[in-house]
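Student: I have a structure open on my screen and would like to understand the labels people put on it. Could we go through them together?

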Amino acid sequence: DDWVHRIDGQLVTSARAVLPAGVARSLWPDGSLRMGSGGDIWFGTAGGLYRFSTVKFSADRPPEVMPTARYTVDDGLAGNHISEIFEDSEGDVWVANVPAGAETLTIWRRRASRFEKMGAAQGLPASNQLGGFVEDTVGTVWARLREGGLVRIRENRATHFGIEHGLPALVSALLIDRSGDLWIGGGDAVLRVRDASGDVIHPMP
């Protein structure tokens, strides 16, 4: 079981998300649990994605809540072992998985209430795990890659950038600042991209 806490000013409320017995946990626990803006808890495991709908939090008597749905590859996920969950400004939920084929990303489209998969056919490097998602000021989503480099995803297409574009061999962190600049952290450098809208990015120290 996992405690989920919500902080609103000085008020802290909690709920206890209870998974079915025997469910294997994700090897990436820090990124595989997400509280959605609509009130749902998305819980990624090694055996699928669990959804806890409209959870009621309490400061005095935190409730135990059971999942209302479980999703697997049979329901449209790209993979069952979930490594990271991210929600964008539209309320869509991005679900990265441990690579198990050509597709490594699933997006739950809130308005359509359905899953869309992305992989090599949309420009994502095959067998390369995504993480560290951020969204810039124009709605483009960026993610680092476990095997090196990063990807920019917009209009359901991905563009890969690597050391040939001036990036560190391994990207460890991404950040969008208030002015919309993209900051890229690596093992031996921190770089900034002022205009990330072009076909080629130009990182600067």
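**Reading the labels**

Tutor: Gladly! Let's begin with β8 and β9, which form a hairpin with five residues between them. In the turn, Gly91 has a positive phi of about 85°. Keep in mind that this is a predicted model.

Student: How do you know that β8 and β9 pair, and in which sense?

Tutor: Two strands count as paired when there are at least two bridges between them. β8 and β9 (residues 93-97) are joined by five bridges, so they qualify as a pair, and the sense is antiparallel. Among the partners, Ile85 is matched with Val95 in β9, and Ile82 stands opposite Asn97.

Student: What makes β8 largely enclosed by the rest of the structure?

Tutor: Strand β8 covers residues 82-87, and six of its six residues are buried, so the rest of the structure largely encloses it. β9 is mostly covered too, with five of its five residues buried.

Student: Which residues of β9 point one way, and which the other?

Tutor: Val93, Val95 and Asn97 point one way, while Trp94 and Ala96 point the other way. All of these residues are buried. As a general pattern, side chains in a regular strand alternate between the two faces of the sheet.

Student: What joins β9 to β10?

Tutor: Four bridges join β9 to strand β10 (residues 103-109), and the two run antiparallel. With a cut-off of at least two bridges, four are enough, so β9 and β10 are a pair. Val93 has Trp108 in β10 as its bridge partner. β9 and β10 also form a hairpin, with five residues between them.

Student: Let's move to β16, β17 and β18. Why are β16 and β18 said to stand at the edges?

Tutor: The three strands form an open sheet in the order β16-β17-β18, with antiparallel pairing. β16 (171-176) and β18 (190-193) each have a single partner strand, so one side of each is left without a neighbour in the sheet. Neighbouring strands here are turned by 20° against each other on average, direction ignored. Between β16 and β17 (residues 182-186) there are five bridges, and Leu175 stands opposite Trp183 in β17.

Student: Now a single residue. Why is Tyr50 called buried?

Tutor: Buried means a relative accessible area under 20%. Tyr50 has 6%, so it is buried. Tyr50 sits in strand β5 (residues 48-52). Leaving aside residues up to four places away in sequence, Tyr50 touches several others, including Leu19, Val23, Phe43 and Arg70.

Student: What makes the link between Tyr50 and Arg70 a polar contact?

Tutor: The distance limit for the N or O atoms is 3.5 Å. The side chains of Tyr50 and Arg70 make their contact at 3.2 Å, so the distance lies within that limit.

Student: And how many aromatic pairs does the structure hold?

Tutor: There are seven aromatic pairs. One of them is Phe43 with Phe52, at 6.4 Å centre to centre and 45° between the planes.

Student: Why is the Phe43 and Phe52 pair called tilted?

Tutor: Ring centres must lie within 6.5 Å, and 6.4 Å meets that. Planes under 30 degrees apart count as stacked and over 60 as edge-to-face; 45° fits neither, so this pair is tilted. Phe43 is buried at 5% relative accessible area, and Phe52 is buried at 0%.

Student: What makes Trp142 and Phe161 a stacked pair?

Tutor: Their centres are 6.2 Å apart and their planes differ by 25°, which is under 30 degrees, so the pair is stacked. Trp142 lies in β13 (residues 141-145) and Phe161 in β15 (residues 157-161), so the pair ties together parts that are 19 residues apart in sequence. Trp142 is buried at 0%, as is Phe161 at 1%.

Student: Is Thr54 buried or exposed?

Tutor: Exposed means over 50%, and Thr54 has a relative accessible area of 59%, so it is exposed. Thr54 is found in the loop between β5 and β6 (64-65).

Student: What stands out about phi in Thr54?

Tutor: Most residues other than glycine have a negative phi. Thr54 has a positive phi near 40° and is not a glycine. Ser113, in the loop between β10 and β11 (114-119), also has a positive phi, of about 55°.

Conventions. Residues are numbered from 1 along each chain as its sequence is written. This is a predicted model: local features need pLDDT of at least 70, side-chain atom pairs count only at pLDDT 80 or more; totals for chains, interfaces and linings use all residues. Side-chain values use heavy atoms; hydrogens and water are left out. Axes are lines fitted to C-alpha atoms, for helices over the stretch in contact, and angles run from 0 to 180 degrees between N-to-C directions. Buried means under 20% relative accessible area, exposed over 50%, partly exposed in between (1.4 Å probe, protein chains only). Contact means heavy atoms within 4.5 Å. A polar contact is a pair of N or O atoms within 3.5 Å; within protein, one must be able to donate a hydrogen and the other to accept it, and residues adjacent in sequence count only if both atoms are side-chain atoms. Rings of Phe, Tyr and Trp (its six-membered ring) pair if their centres lie within 6.5 Å; planes under 30 degrees apart count as stacked, over 60 as edge-to-face and the rest as tilted.
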